[in-house]
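Trainee: Got a minute? I'd like a quick tour of this one.
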Amino acid sequence: MQLHPHARILIIGQAPGLLAHNSHTPWNDPSGDRLRGWLNVSRSQFYDPTLFAIMPMGFCYPGKKNGGDAPPSPACAPAWHNRIWQLIQPDLTILVGSYAQKYYLPTYSTLTQAVNAHLGDESMFVLPHPSGRNNRWLKQNEAALNNQLSAIRNKLHAYLK
């Protein structure tokens with residue numbers, strides 16, 4: 001987790017993977033490299049707490065399940081997110097992955113629906129998880145992802161000047 005009351009951008013992801021968990025640094029793994037590339041931000045920008053707040057759906061590594069990471073604990077977000085929202089007031093929120101999307105935008109039954117439909121909101125965007133396990137989804141939904149990334153980058157540019 002990375003929080004600062006002046007951060008204008010909030011990234012809400014799943015739970016830390018094993019590499020991030022062991023390094024005590026969120027998104028410090030290949031998925032984080034891909035996410036920073038998508039956002040077109042440097043490591044130093046991404047890890048500047050006055051620019052980016054980072055909040056997971058689960059606050060610890062959830063272990064393995066079905067060849068990948070297990071889902072985040074369903075108890076974490078209801079217990080902590082409202083408290084954290086009281087400390088920060090981001091101008092832009094980026095939901096990364098289906099766990100964040102389902103929690104914050106439950107009106108969309110799938111991540112694909114949310115990525116395709118949730119382009120008009122100026123303060124909240126949805127991205128798939130940048131894991132290599134999602135490469136098939138990324139190829140099948142390349143146009144929607146590119147549209148979403150273009151909209152996010154336009155917003156980010158104003159905040160990162």
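Mentor: Let's go through the core and then two helices. This is a predicted model, where local features need pLDDT of at least 70, side-chain atom pairs count only at pLDDT 80 or more, and totals for chains, interfaces and linings use all residues. Residues are numbered from 1 along each chain as its sequence is written, and side-chain values use heavy atoms, with hydrogens and water left out.

Trainee: How many residues are in the largest nonpolar core?
Mentor: It has 43 residues. Such a core is a set of buried Ala, Val, Leu, Ile, Met, Phe, Trp, Tyr and Cys residues joined through side-chain atoms within 4.5 Å. Buried means under 20% relative accessible area, exposed over 50%, partly exposed in between (1.4 Å probe, protein chains only).

Trainee: Which part gives the largest share of this core?
Mentor: Helix 8, residues 142-159, with six residues. Helices (H or I, at least four residues) and strands (E, at least two) are DSSP runs, numbered from the N terminus.

Trainee: Which residues of helix 8 are buried?
Mentor: Among them are Leu145, Leu149, Ile152 and Leu156. The buried residues line one face, because they fall within an arc of 130° seen down the axis. That arc is taken from the directions from the helix axis to the C-beta atoms.

Trainee: And what's exposed on the face turned away?
Mentor: Ala143, Asn154 and His157.

Trainee: New topic. Which residues are buried in helix 4?
Mentor: Cys76, Ala77, His81 and Ile84. They sit on the same side of helix 4, since their arc is only 75°.

Trainee: What do they pack against?
Mentor: Strand 1 (9-13), strand 2 (52-56) and helix 5 (98-104). Contact means heavy atoms within 4.5 Å.
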